[in-house]
Amino acid sequence: MDEGHENEGEGKKGGSLDRKAEMEKLGGAELHRRLTEVDPEMASMLHPHDTRKIARSLQVHAETGVPHSHWLEEQRGQEGGDVLGGPLRYPDPCIFWLHADMEAIDERLDRRVDQMLLTGLIDELRDFHLRFNQQKIQDQSQDYQHGIFQSIGFKEFHEYLTCPDEMTQEVRETLRNQGVENLKMATRRYARKQNKWVRNRFLKRPGDNVPAVYGLDVTDVSQWEETVLNPALLILDSLTKGERPTVEPMRVEGAGKRNKRSRHTCELCDKVIIGDLEWTAHLKSKKHHYHVRKRRKSEPEPERASDQPQGTTPPPTPITVGPTLGNSTTLAPGSAETCGESESPGTSSTEKEAPVL
């Protein structure tokens, strides 16, 4: 919080970030154990592999002396708050989502990268590398998961920037071209994650104070006034008059109330799953059904279900043994994330990436 001591606040903030980064190095299991001791409710809502969010909750507790879950509960309990968080800052807001076909977005992003290269991106990266990153690499202390170094546009050129002087020009050019392609792929991937975030945050999550989202198609920017500007002005005019816009807000079919923080355990796959949607997806996954079939083959013959059609595997039935701090703990031969792959919310690290301008 800014209490008027600018320099002191900046130093404290920097120290907090350093402590959080140090905690993340301990690993998810140890961090989750520590969080369970000081804030069991928050620990029950976070996947043990989600080191960043666990470290953040530990940081909040260490700096305030109050469990992170208590702060969140206080926000939700404010007038106008709901299960998603505290009240909105402004009354009666709406959201305009400027969306486009992914093919059109990909073409624009590729052109944007090409323009960045023409305006000196490589020289900027090389200068930044020499001043701030070269020594870290020599000391084996480089970390592309924190700070500015995780930004899209830097780590993709690592091989090119660290290429030894004795390498031929042909090899250098190959590494440079590979870095360009990696940059384009990472930028396109990030755009897809942004689209997914908008859908999950505003279209799929129920909540009384989630603003209405109106989609405006910007696939053809030459039609800006017809497809974006004029429709947006009409919607705003209706809302300011208290009228219902002629354009309906966007909705996602089948989006129901799902608990993103419910905790489930798959004993067969030895997995912890956070979230109803992930739990359902795991129950349908091939690797989970592989473990189901494997267990059935190991069972004595009388215990097998004799009335099942040959070649079919009935879906396992979860058994909820009781709520754990507001979230159900489910013991069943299933789980929400694909076995062998962690779908924890910690993939949030890449969501913090931002294109280097």
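This passage describes aromatic pairs, a charge over a ring, an annotated domain and salt bridges in a predicted model.

Seven aromatic pairs are present in the structure. One of them is formed by Phe96 and Tyr214, whose rings are tilted at 45 degrees between the planes, with 6.3 Å from centre to centre. This pair links distant parts of the chain, since Phe96 belongs to strand 1 (residues 94-99) and Tyr214 to strand 2 (residues 212-217), 118 residues apart. The two partners fall into separate accessibility classes. Phe96 has a relative accessibility of 28% and therefore counts as partly exposed, whereas Tyr214, at 5%, counts as buried. The cut-off that places Tyr214 in the buried class is a relative accessible area under 20%.

A further tilted pair is made by Phe128 and Phe149, with 5.7 Å between ring centres and 55 degrees between the planes. Phe128 is located in helix 7 (residues 121-138), while Phe149 is in the loop between helix 7 and helix 8 (158-161), so the contact ties together parts that are 21 residues apart in sequence. With a relative accessible area of 23%, Phe128 is partly exposed. Phe149 is buried, at 11% relative accessibility. Both residues belong to one aromatic cluster, which is formed by Phe128, Phe132, Tyr144, Phe149 and Phe154.

An aromatic ring is also involved in an arrangement with a charged side chain. Arg201 lies over the face of Phe202, and the distance to the ring centre is 5.5 Å.

The UniProt record, an unreviewed entry, lists residues 261-295 as "domain: U1-type". In the model, the chain over residues 261-295 is 51% helix and 23% strand. The C-alpha atoms at the two ends of this segment are 29 Å apart.

The structure holds 15 salt bridges. Among them is a bridge between the side chains of Arg76 and Glu73, with an N to O distance of 3.8 Å. Arg76 and Glu73 are three residues apart in helix 5 (residues 68-76), so about one helical turn separates them. Both ends of this bridge are partly exposed: Arg76 has a relative accessibility of 28%, and Glu73 has a relative accessible area of 48%.

Another salt bridge joins the side chains of Arg188 and Glu181 at 3.7 Å, N to O. Here Arg188 is buried, with a relative accessible area of 18%. That value lies under the 20% limit, which is why Arg188 is placed in the buried class. Its partner Glu181 is partly exposed, with a relative accessible area of 35%.

Asp237 and Lys241 also meet through their side chains in a salt bridge, with 3.2 Å from N to O. Asp237 is partly exposed, with a relative accessible area of 35%, whereas Lys241 is exposed, with a relative accessible area of 55%. The exposed class begins over 50%, so Lys241 falls within it. Elsewhere in the chain, Glu30, Arg33, Arg34 and Glu37 are joined into one network by salt bridges that share partners.

Note on methods:
Residues are numbered from 1 along each chain as its sequence is written. This is a predicted model: local features need pLDDT of at least 70, side-chain atom pairs count only at pLDDT 80 or more; totals for chains, interfaces and linings use all residues. Side-chain values use heavy atoms; hydrogens and water are left out. Rings of Phe, Tyr and Trp (its six-membered ring) pair if their centres lie within 6.5 Å; planes under 30 degrees apart count as stacked, over 60 as edge-to-face and the rest as tilted. Helices (H or I, at least four residues) and strands (E, at least two) are DSSP runs, numbered from the N terminus. Buried means under 20% relative accessible area, exposed over 50%, partly exposed in between (1.4 Å probe, protein chains only). A charge sits over a ring if NZ of Lys or CZ of Arg is within 6 Å of the ring centre and within 35 degrees of the ring normal. UniProt positions are given in the numbering used here, feature names are shortened, and annotations may be inferred rather than shown by experiment. A salt bridge is a side-chain nitrogen of Lys or Arg within 4 Å of a carboxyl oxygen of Asp or Glu.
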